[in-house]
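Me: Could you take a close look at one part of this model for me? I would enjoy a connected walk from one helix to what it packs against, and onward from there.

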Amino acid sequence: MTDARERIAARAARLLEPGWVVNLGIGIPTLVSKYLPSDAVFLHSENGILGVGPPPASDRIDPNLIDAGKRPITARSGAAYFDSATSFAMIRGGHVHAAVLGALQIDEQGRMANWTVPGEPVLGVGGAMDLLSGVREVIAVMLHTTREGAPKLVGSCSLPLSSLRPVSWVVTDLATFRLADGGLELVELAEGITHAQVRERTEARFRIR
Amino acid sequence: MATVLGAEEALARSVVDGATLMVGGFGLVGMPLTLVAALNAGPFRELTIVSNNLAETGIFLGQTLRLGKIKRAIGSYFTTNPEVAAAHAAGKLEVTLVPQGTLAEAIRAAGAGLGGFYTPTGVGTLLAEGEETRVINGKAYLFQEPIFADVALVRAHRADRLGNLVYEKSGRNFNPAMATAARTVIAEVDEIVETGALDPEAIVTPHLFVDHLVLATERL
């Protein structure tokens, strides 16, 4: 498990508690399902399923059964189907315990940008803003820096915010941060990483617990 | 009782140039593919399409776009079809981007006879610019108007002769709300059974919402 994205997913999975209903976004969040203790959490997919199971064998794909990332899935025992309006009532209404969402940038108040990049042909918001507005705990996952090495934990986001509501946790390949007293608090370093290395690659101010 | 029609006939009776159409589906799952194929083969123009996505590049609603039949698209996620962004950038397509939960609820509100609703989703973002905001019990909300259509094209699994509908797995998605929010509702189904053959507890869309039934010939 040397891949940074896999390590982030495994760490984020440990923040989820047994019995929770959890929505996983696209990208690194999708990997989180590999690290969940089986059946301990109920995966919600905003296209209308509570109780997403593991991917099917290639000869068992049901064309009517996909997750919000449009990948084939299975439905586990006890699963339920519902329509989009009901699904987002669950999300906005605070009935979903946690969402794991990928982020492009996070500011030092924990606010996320993850839906659009000005100048690029991105015309999609999907369910990201709804999840940020209503889910009880949002866990942001991302590589600590961009491909070019620029910090993604920034003083203020240069990209458009997805919500004014701050996330609860930020998990990167270098460290795990918690939002406390309106700011970022580093609670854990990834293996082999030092505080100095995190500081060097972070623009946002943060405290160390 | 719903009338059983061919796809072309159902569209010819309901759709005019410039009409607003709701089309069910999340990607291609739950999209009425037979009706969309007939729409593409038909003469219809200047359409406003309310659908979560415009399918995938070049197929079904993606083809409707390529054929130049769509004037305006209202949806939440067009990123998977790059031709949407290209058409928008070229000034050939108006795009209204709505958060997915707001889209679903705006359709639901239209069908439920409501004049709109206040949602916390999107407050303080680019999508809130120019929109009415209101603080209720200390929390900020954005106003969203209902979204109606002239015609809804929906996809269910099974119908009875009256037009009661049951869905299949994640193919349900936007279809039940859309079936409430249009003047004319055309439901594409895999099978039409005798009235009474569906379990009343399992019916998701009661028949009063459904005008026409079309048997699916295009499937995933």
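Reply: Happy to. The buried residues of α1(A) pack against α2 (28–31), β5, β8, β10 (169–171) and β11 (175–180) of chain A. Helices (H or I, at least four residues) and strands (E, at least two) here are DSSP runs, numbered from the N terminus. A residue is buried if 20 or more other C-beta atoms lie within 10 Å of its own, exposed if 12 or fewer, and partly exposed in between, with C-beta atoms placed from the backbone. Please keep in mind that this is a predicted model: local features need pLDDT of at least 70, side-chain atom pairs count only at pLDDT 80 or more, and totals for chains, interfaces and linings use all residues. Residues are numbered from 1 along each chain as its sequence is written, while chains are lettered from A and ligands numbered from 1 in the order in which they are written.

Helix α1 covers residues 4–13 of chain A, and its buried residues are A:I8, A:A9, A:R11, A:A12 and A:A13. An α-helix has 3.6 residues a turn, so residues three or four places apart point the same way.

Now to β5(A), one of the elements that α1(A) packs against. Five of the five residues of this strand (residues 98–102) are buried, so β5(A) is largely enclosed by the rest of the structure. A:A98, A:V100 and A:G102 point one way, with A:A99 and A:L101 pointing the other way.

What does β5(A) pair with? Strands count as paired if DSSP finds at least two bridges between them. Strand β1 (residues 21–24) of chain A runs parallel to β5(A), joined to it by three bridges; there, A:N23 has A:A99 as its bridge partner. With strand β8 (residues 137–141) of chain A, β5(A) also pairs in the parallel sense, over five bridges, and A:L101 stands opposite A:A140.

Moving outward to the partner chain, 33 residues of chain A are in contact with 40 residues of chain B, where contact means C-beta atoms, placed from the backbone, within 7 Å. On the chain A side, α3 (84–92) and α4 (128–134) each supply at least two residues, and the largest share, five residues, comes from α3(A). That side divides into 16 nonpolar, eleven polar and six charged residues; Ala, Val, Leu, Ile, Met, Phe, Trp, Tyr, Cys and Pro count as nonpolar, Asp, Glu, Lys and Arg as charged, and the others, Gly among them, as polar.

Conventions. Contact = placed C-beta atoms within 7 Å.
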